[in-house]
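Trainee: Could we go through this structure together, one question at a time?
Mentor: Yes. Have the sequence and the model open beside you.

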Amino acid sequence: MKNIFEFAEAFFQLTDVDDKLALTHQAWHTYTTGDLTFSSDQPVLPIDQVIFPGRPELLAPRQMPRRKLTTPDGVAAFFHAIAHVEFVAIYLAWDILYRFRGMPEQFYRDWLRVADEEAQHFALIRAHLRAMQLDYGDLPAHSGLWDHAKDTADDLPGRLAMVPRCMEARGLDVTPALIEKFRVRGDNASVAILTRILTDEVGHVELGSYWFKFVCQQRGFDAEAKYRELIDQYYVGGKPKGPFNRELRKMAGFSDAELDWLEC
């Protein structure tokens with residue numbers, strides 16, 4: 001296999017977690033050796049035909065049990081939840097490059113790199129879970145993340161606004177405080193994993209900002225106004241609630257005007 005869209009479609013049809021990780025890394029390796037191609041005249045698979053593994057059980061966010069970081073079970077459940085976020089993030093990176101055609105080749109290279117990095121994140125967290133005698137799929141996970149992909153399956157600006165520039169950007173707000181909690185507890189392994197994820201996620205959100213502005217310019221939209229419009233359209237509840245990490249969000253391509261609007 002040499003074509004990026006064939007890799008993506010194969011990823012979506014696999015049922016085994018390890019096979020999905022291996023294929024993602026294989027695709028990135030194929031790109032680094034200069035063998036990957038980026039053209040296709042094949043139809044795009046409908047998003048409702050994307051396959052997820054049979055585990056974990058997916059629940060609505062309101063049905064998820066509440067656990068605290070003050071207990072070992074709570075810590076394990078927290079990292080299981082993060083593992084699920086990172087696993088779905090692999091899907092989201094593959095889906096954006098697969099579903100939206102006619103973009104510059106760099107668009108596809110960028111999101112393939114994101115898919116590979118998200119797969120690395122997942123593997124780190126999965127190893128951490130196994131050290132706690134737990135594996136991915138042993139606990140339920142929430143079903144909401146992929147809903148944003150389904151909602152924006154035909155809307156590239158909407159996808160960029162809702163996934164990297166909303167849901168992933170939330171990690172920039174909350175992860176620094178989580179890192180500090182684990183640092184205070186002396187949990188250096190958790191600190192190292194979360195710090196690695198945070199560092200990469202700044203770059204992922206920055207890519208989302210770059211390509212959102214690119215698409216807006218291409219289509220004649222004012223990017224800041226379009227961002228407000230799309231968040232109003234797709235985000236349940238109007239817009240995200242703060243506090244927001246202005247420093248990291250500005251590093252990731254948010255403007256002061258966007259941050260002022262989010263905070264008002």
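Mentor: Start with a term: a residue is buried under 20% relative accessible area, exposed over 50%, and partly exposed in between. By that scale, Asp-35 is partly exposed, with a relative accessible area of 36%. Keep in mind that this is a predicted model.

Trainee: Which residue forms a salt bridge with Asp-35?
Mentor: Side chains of opposite charge can pair when their charged atoms come close. Here the closest N and O atoms are 3.9 Å apart, and the cut-off is 4 Å. The partner of Asp-35 is Lys-2.

Trainee: How many residues apart in sequence are the parts that Lys-2 and Asp-35 tie together?
Mentor: Lys-2 is in the segment before α1 (4–13). Asp-35 is in the loop between α2 and β1. So the salt bridge ties together parts whose separation in sequence is 33 residues.

Trainee: Is Lys-2 buried, exposed or partly exposed?
Mentor: Its relative accessible area is 45%. Buried needs under 20%, and exposed needs over 50%. So Lys-2 is partly exposed.

Trainee: Which residue meets Arg-246 in a salt bridge at 2.7 Å?
Mentor: Arg-246 is in helix α9 (residues 246–251), and its partner is in helix α10 (residues 256–263). The two are 17 residues apart. At 39% relative accessibility, the partner counts as partly exposed. The partner is Glu-263.

Trainee: Which residues are linked with Arg-246 and Glu-263 in a network of salt bridges?
Mentor: One link in this region is a salt bridge between Asp-256 and Lys-250, at 3.1 Å from N to O. Asp-256 is partly exposed, at 38%. Lys-250 also counts as partly exposed, at 41%. Along with Arg-246 and Glu-263, the network holds Lys-250, Asp-256 and Asp-260.

Trainee: Now the rings. Are Phe-52 and Tyr-91 stacked or edge-to-face?
Mentor: A pair of aromatic rings is described by the distance of the centres and the angle of the planes. For Phe-52 and Tyr-91 the centres are 4.0 Å apart and the planes differ by 10 degrees. Planes under 30 degrees apart count as stacked. So this pair is stacked.

Trainee: Where in the chain is Tyr-91?
Mentor: Its partner Phe-52 sits in the loop between α2 (17–32) and β1 (58–59). The two are 39 residues apart, so the pair links distant parts of the chain. Tyr-91 is in helix α3 (residues 72–99).

Trainee: Is Tyr-91 buried or exposed?
Mentor: Phe-52 counts as partly exposed, at 25% relative accessibility. Tyr-91 has a relative accessible area of 0%. That makes Tyr-91 buried.

Trainee: What kind of pair do Phe-78 and Phe-79 form?
Mentor: Both residues are buried. Their ring centres are 5.0 Å apart, with the planes at 80 degrees. Planes over 60 degrees apart meet the cut-off. So the pair is edge-to-face.

Trainee: Which element gives the most to the largest nonpolar core?
Mentor: In soluble globular proteins, nonpolar side chains tend to be buried together. This core has 87 residues, and Ile-4, Phe-12, Trp-94, Leu-97 and Trp-111 touch the most other members. The element that gives the most, with 17 residues, is α3.

Trainee: Which residue takes a positive phi just after α7?
Mentor: Helix α7 covers residues 188–219 and reaches 46 Å from its first C-alpha to its last. Just after α7 comes a phi of about 80 degrees. The residue is Gly-220.

Methods
Residues are numbered from 1 along each chain as its sequence is written. This is a predicted model: local features need pLDDT of at least 70, side-chain atom pairs count only at pLDDT 80 or more; totals for chains, interfaces and linings use all residues. Side-chain values use heavy atoms; hydrogens and water are left out. Rings of Phe, Tyr and Trp (its six-membered ring) pair if their centres lie within 6.5 Å; planes under 30 degrees apart count as stacked, over 60 as edge-to-face and the rest as tilted. Helices (H or I, at least four residues) and strands (E, at least two) are DSSP runs, numbered from the N terminus. Buried means under 20% relative accessible area, exposed over 50%, partly exposed in between (1.4 Å probe, protein chains only). A nonpolar core is a set of buried Ala, Val, Leu, Ile, Met, Phe, Trp, Tyr and Cys residues joined through side-chain atoms within 4.5 Å. The expected span of a helix is 1.5 Å times one less than its number of residues. A salt bridge is a side-chain nitrogen of Lys or Arg within 4 Å of a carboxyl oxygen of Asp or Glu.
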